[in-house]
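Me: Please take a close look at one part of this protein, namely the buried polar side chains and the residues around them. I would like a single connected account that begins with the overall fold.

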Amino acid sequence: MKFIYFNDTGRKVLIHPATFISGCASSDTAIEPLEERTFVLPEGSYPWVKMWDYGPGVGLQILVSPGWN
């Protein structure tokens, strides 16, 4: 399963390390404004996505994790 995220925030988005621990595959570099990023999830799963803002100094961070039915 592939999940494509498009960064329309106007800010860099960092990827939370738990994204990779949970079984998703992707580049771990920051997602630049207007950039698309593909996350590959395990077969049979769906994307569960959470984004939050740590504020100045850290900024936006996204977590992509596989959900299971």
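Reply:

**Fold and surroundings of the buried polar residues**

Read from the N terminus, the elements of this predicted model follow the order β-β-α-β-β-β. The radius of gyration is 12 Å, close to the 11 Å given by the globule rule for 69 residues, so the protein is as compact as a globular protein of that length. Along the principal axes, the C-alpha atoms fill a box of roughly 35 × 20 × 20 Å. In all, the protein has 1 helix and 5 strands.

Some totals provide the background. Of the 69 residues, 32% count as buried. The protein exposes about 4,200 Å², and carbon and sulfur atoms supply 59% of that area. Among contacts between residues at least 6 apart in sequence, 53% join residues at least 24 apart. As for charge, the mean positions of the 5 positive and 7 negative charges are 4 Å apart.

The account of individual residues may begin with Arg37, which belongs to strand β3, residues 36-40. Is Arg37 buried or exposed? Its relative accessible area is 6%, and Arg37 is therefore buried, the limit for that class being under 20%. What do the polar atoms of this side chain meet? One polar atom of the Arg37 side chain lies 3.3 Å from the backbone oxygen of Ala30. The side chain of Arg37 also makes a polar contact of 3.1 Å with the side chain of Glu35. Beyond the neighbours within four places in sequence, Arg37 is in contact with Phe3, Ile4, Tyr5 and Ile15, with Ser26, Ser27 and Thr29, and with Ala30 and Ile31. Ala30 thus appears both as a contact of Arg37 and as the residue whose backbone oxygen lies 3.3 Å from a polar atom of that side chain.

The second buried polar residue is Asn7, placed in the loop between β1 (2-6) and β2 (13-15). Its relative accessibility is 0%, so Asn7 counts as buried. Which backbone atom does the side chain of Asn7 reach? That side chain comes to 2.7 Å from the backbone oxygen of Arg11. Leaving aside residues up to four places away in sequence, Asn7 is in contact with Lys12 and Val13, and also with Ile31, Glu32, Pro33, Leu34 and Glu35. Glu35 is accordingly a contact of Asn7 and a side-chain polar partner of Arg37.

One of the contacts of Asn7 is Leu34, a residue in the loop between α1 (18-21) and β3. Phi of Leu34 is near 65°, a positive value in a residue other than glycine. Leu34 has a relative accessible area of 66% and is therefore exposed, the limit for that class being over 50%.

Another contact of Asn7 is Val13, found in strand β2. Val13 has a relative accessible area of 0% and is therefore buried. Apart from residues up to four places away in sequence, Val13 touches Tyr5, Asn7, Ala30, Ile31, Met51, Leu60, Gln61 and Ile62. Met51 stands 38 residues from Val13 along the chain, and their C-alpha atoms are separated by 8.9 Å. Tyr5, Ala30 and Ile31 occur among the contacts of Val13 and also among those of Arg37.

The loop between β4 (45-53) and β5 (60-68) holds Val58 and Gly59. Gly59 has a relative accessibility of 10% and so counts as buried, whereas Val58, at 46%, counts as partly exposed. Gly59 touches Arg11, Trp52, Asp53 and Tyr54, not counting residues up to four places away in sequence. Arg11 lies 48 residues from Gly59 along the chain, and the C-alpha atoms of the two are separated by 8.1 Å. Arg11 is also the residue whose backbone oxygen is reached by the side chain of Asn7. For Val58 and Leu14, 44 residues apart along the chain, the C-alpha separation is 8.5 Å.

Ala25 offers a further view of the loop between α1 and β3. With a relative accessible area of 42%, Ala25 is partly exposed. Outside the residues up to four places away in sequence, Ala25 touches Thr38, Phe39 and Val40. The C-alpha atoms of Ala25 and Phe39, 14 residues apart along the chain, are separated by 5.7 Å.

How values were computed: Residues numbered from 1 in each chain as written. Predicted model: local features only at pLDDT ≥ 70, side-chain atom pairs only at ≥ 80, totals over all residues. Heavy atoms only, no water. Helix = DSSP H or I, 4+ residues; strand = E, 2+ residues; numbered from the N terminus. Rg over C-alpha atoms; globule rule 2.2 N^0.38 Å. Buried < 20%, exposed > 50% of the residue type's maximum accessible area, 1.4 Å probe, protein only. Contact = heavy atoms within 4.5 Å. Areas by Shrake-Rupley, 256 points an atom, 1.4 Å probe, with all protein chains shown as cover. Lys, Arg positive; Asp, Glu negative; His and termini not counted. Charge placed at Lys NZ, Arg CZ, Asp CG, Glu CD. Polar contact = N/O pair within 3.5 Å; in protein donor to acceptor, adjacent residues only side chain to side chain.
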